[in-house]
Amino acid sequence: QSTAYGNTIRLDFTATGKTGIATTTATGSISQAAIKYSVKIVGYPDTLNVQKGENRSFYIVVLNNNTGAVDDTDNYTVTVQSSNNWDIEKQDHISNVVRGTTSQPNVTMIVEHVPKDTEFPSDTLNITVTSEKDPTTSDTVHILVKVQNAGTAESFYEWFKNLAENLGLAGPFGV
């Protein structure tokens, strides 16, 4: 929290003209209640290409767009949802982002684990960053994850595995 909050600002107005001088003073208090909260996710990939069974990591960058004292900071919570309910690892918090600046570009990592046996051709990640000082303020982005077919060797292995299972040979050959 900035040390500016609670201080008073004094502004003196002086008007001069042909008929004389008039002076008046206005004062105001610097208050956190006047802050307008705003957050924006400004750095993230639009699309990811991932192979089956692969873990894909990427970073997001957040902009603290709040008004307020120049040294004021905000903290954010990060939530990520996979439309296919695939496993996600993420950093839950982004801390101390100064007003008007962004979070570090290599700090907030998100990892999606794409199942090896998935039949889904894609997934959508919904990422939401929410202000901890004003939980009604958030930003959400969507990332399309395109699932690529496995490599040639793995495809060949899966074909033989399926053939063995269909012929009832999976148990005897330990497939």
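Which residue is the bridge partner of Thr-128 in E11? In the predicted model described here, that partner is Thr-140. The pair belongs to a longer run of pairing, in which strand E10 (residues 122-131) and strand E11 (residues 138-148) are joined by nine bridges and run antiparallel. Another position along these two strands is marked by Asp-123, which stands opposite Val-145 in E11. Together, E10 and E11 make up a hairpin, with six residues lying between them.

The overall composition of the chain provides the setting for this hairpin. The chain contains two helices and 11 strands. Read from the N terminus on, the elements follow the order β-β-β-β-β-β-β-β-β-β-β-α-α, so that the strands precede the helices in this listing. Of the 175 residues of the chain, 29% count as buried. The accessible surface comes to about 10,900 Å², and 50% of this surface belongs to carbon and sulfur atoms. Among the contacts between residues at least 6 apart in sequence, 63% join residues at least 24 apart.

The hairpin strands take part in an open sheet of five strands, arranged in the order E4-E11-E10-E6-E8 with mixed pairing. The edges are formed by strand E4 (47-51) and strand E8 (93-98), each of which pairs on one side only. From one strand to the next, the twist averages 30°. As a general principle, the strands of a sheet pair through backbone hydrogen bonds, in either a parallel or an antiparallel manner.

Within this sheet, E10 is also paired with E6: seven bridges join the two strands, which run antiparallel. In this pairing, Thr-77 stands opposite Thr-130 in E10. Strand E10 is largely enclosed by the rest of the structure, because seven of its 10 residues are buried.

The largest nonpolar core has 22 residues. Those with the most contacts inside this core are Phe-58, Ile-60, Val-62, Tyr-76, Val-78, Ile-127 and Val-129. At least two core residues are supplied by each of strand E3 (39-43), E4, strand E5 (55-64), E6, E8, E10 and E11. The largest share, four residues, comes from E11. The surroundings of Val-62 illustrate how parts of the chain meet at one residue. When residues up to four places away in sequence are not counted, Val-62 touches Val-39, Lys-40, Ile-41, Tyr-76, Ile-94, Val-97, Thr-101, Thr-102, Ser-103 and Val-129. Two of these residues, Tyr-76 and Val-129, are also listed among those with the most contacts inside the core.

Contacts between separate parts of the sequence also occur at Ile-9, which lies in strand E1 (residues 8-17). Ile-9 and Thr-27 are 18 residues apart in sequence, and their C-alpha atoms are 5.5 Å apart in space. With neighbours within four places in sequence left aside, Ile-9 is in contact with Ala-26, Thr-27, Gly-28 and Ile-30.

The loop between E6 and E7 was then examined. Asn-84 is found in this loop, as is Asn-85, which lies between strand E6 (73-82) and strand E7 (88-90). Is Asn-84 buried or exposed? Asn-84 counts as buried because its relative accessibility is 16%, and the cut-off for burial is under 20%. Leaving aside neighbours within four places in sequence, Asn-84 is in contact with Phe-120, Ser-122 and Asp-123. Asp-123 is the residue that stands opposite Val-145 in E11. Asn-85, by contrast, is exposed, with a relative accessible area of 67%.

The backbone geometry of Asn-85 was also noted. In general, most residues other than glycine have a negative phi. Asn-85 has a positive phi of about 60° although it is not a glycine. A positive phi is likewise found at Asn-96, where the value is near 55°. Asn-96 lies in strand E8, which is one of the edge strands of the sheet. Asn-96 is exposed, with a relative accessible area of 54%.

Key:
Residues numbered from 1 in each chain as written. Predicted model: local features only at pLDDT ≥ 70, side-chain atom pairs only at ≥ 80, totals over all residues. Heavy atoms only, no water. Pairing = 2+ DSSP bridges. Axes fitted to C-alpha atoms, helices over the stretch in contact; angles between N-to-C directions. Buried < 20%, exposed > 50% of the residue type's maximum accessible area, 1.4 Å probe, protein only. Core = buried A, V, L, I, M, F, W, Y, C linked by side-chain atoms within 4.5 Å. Contact = heavy atoms within 4.5 Å. Areas by Shrake-Rupley, 256 points an atom, 1.4 Å probe, with all protein chains shown as cover.
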